[in-house]
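User: Got a minute to go through this one with me? I'd like to take it sheet by sheet, then look at the cores and domains.
Analyst: Sure, put it up.

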Amino acid sequence: MFERKELEVLEKFNSEGNFVVSLFLNVSPQERKRSGYLSKFKNLIKTLPEDKISSVREDIEKIEKFLQSERESFKKFIILYSCSKKGLWQRYDLNIKLNDEIIIDKTPYTSPLFDILDNYQKYGVLLVDKRTARVFLVFLGDIEEYGMVHHDHVPGKHKKGGWFALAEKRYERHTEHHVKMHLKDVIDKFGDFLRDREIRRLIVAGPDEAIYELMKMLPESIKQKIVGRALIEKYASAEEVLDKVMPIINEYEQMKESETLSELITRARKNDNAILGIDDVMKYLRDRRVMKLIVPKDYKIEGKVCSSCGFATQQNIDCCIECGGGFIQSANLIEQATEMALQNGALIEVVKDEKEKSLLIINGGIGAFLRF
Ligand SMILES: [Zn+2]
């Protein structure tokens with residue numbers, strides 16, 4: 001898992017003129033079988049000019065050794081930054097796939113990671129009861145525990161009878177007071193956590209009474225972030241927490257997906273800064289007017305791209321209507337559109353749900369919200 005602040009530091013890394021190797025490599029279990037990922041790495045190296053390779057030989061050797069010896073610890077995708085001359089070695093493990101690439105430059109190549117932060121949502125999980133609170137962050141199918149609050153001074157259940165029975169009422173008030181103090185502290189700390197980590201979605205968990213008290217005390221700004229409640233054991237492991245919250249996250253994202261899609265279709269029909277269909281999408285991408293691209297997962301649109309101006313179309317025409325240039329056949333214009341969107345700094349939303357996917361496909365197969 002990585003944070004924007006961390007990436008900003010990496011982005012500003014001063015190599016003092018030395019080259020930095022940035023490696024993006026698929027290391028999924030399939031790739032690790034018969035060491036396919038290692039051959040891919042070697043092939044990536046071969047695409048580089050000889051003088052660049054020799055300037056980072058030390059880094060390449062270090063990376064190769066690392067790829068061989070650490071394979072058991074890999075997730076689906078690995079990103080490595082290495083500049084041995086200046087002591088830089090940074091590793092990120094992801095549970096999603098990006099493009100395989102190697103870049104050798106004077107600065108670390110960080111934009112794909114910034115894109116991930118912009119395009120994927122983080123979820124905070126708050127597991128609370130009368131004395132304790134645990135906080136988790138879920139991002140890209142991974143979970144990390146970030147802290148535990150424990151307030152021991154909350155009075156426990158006392159024996160019945162004795163002097164205490166007489167003071168039952170006072171005791172209850174006393175307990176209530178401590179629970180409130182505990183929750184107030186939790187809320188303060190949690191609010192800071194949400195801000196620091198740019199978390200906009202939240203799942204709460206805990207026994208009814210604690211949740212009831214929590215909801216009474218939570219500021220509106222945090223309440224609005226709640227997307228669901230999970231049933232989680234107080235001492236559950238991080239993996240168990242992940243298992244419980246993933247169905248809630250998936251359901252929520254599917255609902256958001258469907259909302260986004262109907263907004264896209266409605267607005268496109270009204271010509272309200274939204275468009276549908278590959279021809280229009282490519283046109284507005286070239287004009288750099290696309291704010292967010294909406295594409296169906298694993299779907300292809302065949303078509304033609306002008307070799308001189310980049311005009312693209314699904315229409316059956318012989319030469320470019322913009323510049324008269326010749327066409328190149330493209331097996332997937334969606335890939336082209338996605339690349340252009342990334343270059344333009346536009347957001348990309350991938351529609352995964354089958355029902356929503358077919359809705360998008362019958363409405364042009366691709367769409368976009370425009371900046372203006
Ligand atoms: Zn053209």
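User: Start with the three-stranded sheet. What is the strand order?
Analyst: The order is 13-12-14. The sheet is open, and its pairing is antiparallel. Keep in mind that this is a predicted model.

User: Which strands are at the edges there?
Analyst: Strand 13 (312-313) and strand 14 (327-330). Each of them pairs on one side only.

User: How many bridges join strand 12 to strand 13?
Analyst: Two. Strand 12 covers residues 303-306 and runs antiparallel to strand 13. In strand 13, T313 is the bridge partner of K304.

User: OK, the four-stranded sheet. What order do the strands take?
Analyst: 3-2-1-4, with antiparallel pairing. This sheet is open.

User: Why do strand 3 and strand 4 each have one side without a neighbour in the sheet?
Analyst: They stand at the edges. Strand 3 (88-94) and strand 4 (101-105) each have a single partner strand, so one side of each is left free of a sheet neighbour.

User: What is the average turn between neighbouring strands?
Analyst: 10 degrees, direction ignored.

User: And strand 1 with strand 2, how many bridges?
Analyst: Six bridges. Strand 1 is residues 20-26, strand 2 is residues 77-83, and they run antiparallel. S22 sits opposite Y81 of strand 2.

User: Switching to the cores. Which residues touch the most other members in the largest nonpolar one?
Analyst: V281, I294, A337 and A368. That core has 31 residues.

User: Which elements give two or more residues to it?
Analyst: Among them are helix 11 (238-269), helix 12 (278-286) and helix 13 (333-343). Strands contribute too, including strand 11 (290-296) and strand 16 (367-370).

User: What is A337 in contact with?
Analyst: Beyond its neighbours within four places in sequence, I278, V281, M282, L285, L293 and I366.

User: How many residues are in the second core?
Analyst: 29. It is separate, and it includes V128, I143, V179 and A205.

User: Domains next. Where are the bounds?
Analyst: Domain 1 is 4-118, domain 2 is 120-253 and domain 3 is 273-370.

User: What separates the centres of domain 1 and domain 2?
Analyst: 38 Å, taken over C-alpha atoms. Their contact takes five residues from domain 1 and five residues from domain 2.

User: Last thing, what is the average pLDDT?
Analyst: The chain averages 89, and 94% of the residues score at least 70. Over residues 158-166 the pLDDT is below 50. That stretch has four contacts in the model beyond near neighbours in sequence.

Key:
Residues are numbered from 1 along each chain as its sequence is written. This is a predicted model: local features need pLDDT of at least 70, side-chain atom pairs count only at pLDDT 80 or more; totals for chains, interfaces and linings use all residues. pLDDT is the predictor's confidence in each residue, from 0 to 100. Two residues are in contact if their C-beta atoms, placed from the backbone, lie within 7 Å. Two strands pair if DSSP finds at least two bridges between them. Axes are lines fitted to C-alpha atoms, for helices over the stretch in contact, and angles run from 0 to 180 degrees between N-to-C directions. A nonpolar core is a set of buried Ala, Val, Leu, Ile, Met, Phe, Trp, Tyr and Cys residues joined through C-beta atoms within 7 Å. A residue is buried if 20 or more other C-beta atoms lie within 10 Å of its own, exposed if 12 or fewer, and partly exposed in between; C-beta atoms are placed from the backbone. Domain bounds come from an automatic or database domain assignment.
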